[in-house]
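Q: I would like to take a close look at one part of this protein and see how the rest is arranged around it. Could you walk me through it?

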Amino acid sequence: MPRSWLKNDYRKSSEYKENLKHFYAMGTSNHSEHNKNPDYWDILISDLTSSPNSWSRKVFLDFGCGKGRNIVNAKNLCNWDKLIGVDISSENIEYCKNNLGYAGVEWYENEGGNVPLSDESVDFALSTIVLQHICQHDLRVQIKKEIYRVLKNGGVFSFQMGFDGKNTHSKNHAYHANFAAKGSNGQDDVGVENEEQLTHDLEKIGFKNIEHKIKTSYSDDQHKHWIYTRCEK
């Protein structure tokens with residue numbers, strides 16, 4: 001079993017974890033409406049859309065996979081050796097196993113801050129519409145450490161968060177806030193205030209070649225802008 005970067009505080013944060021587990025059991029929705037967001041294709045997964053052949057026989061990870069939208073999109077773009085979806089909701093994982101049982105696709109339930117995979121086993125890691133709903137800064141850092149651990153050298157991590165700048169929504173919390181939130185999506189979320197916050201966390205973990213792009217948000221009443229970040233191990 002791979003080592004976990006989870007701190008004891010978060011192993012004990014069962015109420016928050018259970019709230020998230022139940023909250024993200026999203027019925028049958030896979031947020032397919034977000035496939036209409038051009039920035040999804042042109043920025044977030046531009047590595048895949050611009051050079052699909054370069055990912056042939058490699059491994060793709062979607063952290064916070066929900067009902068499998070990103071796995072389906074990645075599968076249709078490139079000839080992967082393996083695609084892996086990880087989610088905190090057992091209901092979501094069960095849905096994916098029952099409805100998206102493609103060859104070469106694996107699904108795993110995680111415990112909130114861990115990635116249940118071996119060291120250096122992933123080439124491209126994706127996370128979208130996930131980290132902005134985790135308002136505990138230390139927990140987000142643990143997730144990024146785990147993604148760094150499972151990435152191969154030269155591997156890419158591409159993710160999206162809500163960007164608030166100085167105009168933080170009344171229901172969003174400061175980037176560095178740490179507390180036992182009672183909910184998510186519209187109750188307890190986080191807004192990135194400046195690019196340096198993400199850069200600092202990522203560099204401290206070990207990521208390099210960090211790039212950010214700030215764009216108008218897509219189908220998001222809580223954040224006027226989204227920040228797309230790409231970095232490498």
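In which sense do E8 and strand E9 pair, and over how many bridges? Please take the pairing as a starting point and go on to the sheet, the helices, the charged pairs and the cores.

A: Happy to. Please keep in mind that this is a predicted model. Strand E9, which covers residues 225–232, pairs with E8 in the antiparallel sense, and the pairing runs over 7 bridges. One position to look at is Lys215, whose bridge partner in E9 is Trp226.

The two strands belong to an open sheet of 7 strands with mixed pairing, in the order E3-E2-E1-E4-E5-E9-E8. Strand E8 (208–216) stands at one edge and strand E3 (105–109) at the other; each has a single partner strand, so one side of each is left without a neighbour in the sheet. On average, neighbouring strands here are turned by 15° against each other, direction ignored. As background, strands of a sheet pair through backbone hydrogen bonds, either parallel or antiparallel.

Staying with E9 residues for a moment, the side chains of Arg230 and Glu232 meet in a salt bridge, at 2.8 Å from N to O. Both Arg230 and Glu232 are buried. Salt bridges with shared partners also bring in Asp47, joining Asp47, Arg230 and Glu232 into one network.

Now to the helices that lie across the sheet. Helix H7 (residues 137–150) lies across strand E1 (59–63), strand E4 (122–127) and strand E5 (151–163), and runs at about 155° to E5. Helix H6 (residues 90–99) lies across strand E2 (82–87) and E3, running at about 160° to E3. In total, the protein has 8 helices and 9 strands.

Helix H7 has a charged pair of its own: Glu146 forms a salt bridge with Arg149, with the closest N and O atoms 2.8 Å apart. These two residues are 3 apart in helix H7, which means they are separated by about one helical turn. Glu146 is buried at a relative accessible area of 1%, and Arg149 also counts as buried, at 4%.

At the E3 side of the sheet you will find another charged pair, Lys82 with Glu106, where the closest N and O atoms are 3.6 Å apart. Lys82 is in strand E2 and Glu106 in strand E3, 24 residues apart, so this pair links distant parts of the chain. Here Lys82 counts as partly exposed at 28% relative accessibility, and Glu106 counts as partly exposed at 26%. A search of the whole structure finds 8 salt bridges.

Finally, the nonpolar packing. The largest nonpolar core has 32 residues, and those with the most contacts inside it are Leu61, Val122, Ile147, Phe157 and Met161. E9 appears again here: the elements giving two or more residues to this core are E1, E2, E4, H7, E5, helix H8 (195–205) and E9. Leaving aside neighbours within four places in sequence, Leu61 is in contact with several residues, including Ile84, Val86, Val122, Phe124 and Val150. Apart from this core lies another, of 24 residues, among them Ile45, Cys96, Leu100 and Tyr228.

For the protein as a whole, buried residues make up 52% of the 233 residues. Of the contacts between residues at least 6 apart in sequence, 70% join residues at least 24 apart.

Note on methods
Residues are numbered from 1 along each chain as its sequence is written. This is a predicted model: local features need pLDDT of at least 70, side-chain atom pairs count only at pLDDT 80 or more; totals for chains, interfaces and linings use all residues. Side-chain values use heavy atoms; hydrogens and water are left out. Two strands pair if DSSP finds at least two bridges between them. Helices (H or I, at least four residues) and strands (E, at least two) are DSSP runs, numbered from the N terminus. Axes are lines fitted to C-alpha atoms, for helices over the stretch in contact, and angles run from 0 to 180 degrees between N-to-C directions. Contact means heavy atoms within 4.5 Å. Buried means under 20% relative accessible area, exposed over 50%, partly exposed in between (1.4 Å probe, protein chains only). A salt bridge is a side-chain nitrogen of Lys or Arg within 4 Å of a carboxyl oxygen of Asp or Glu. A nonpolar core is a set of buried Ala, Val, Leu, Ile, Met, Phe, Trp, Tyr and Cys residues joined through side-chain atoms within 4.5 Å.
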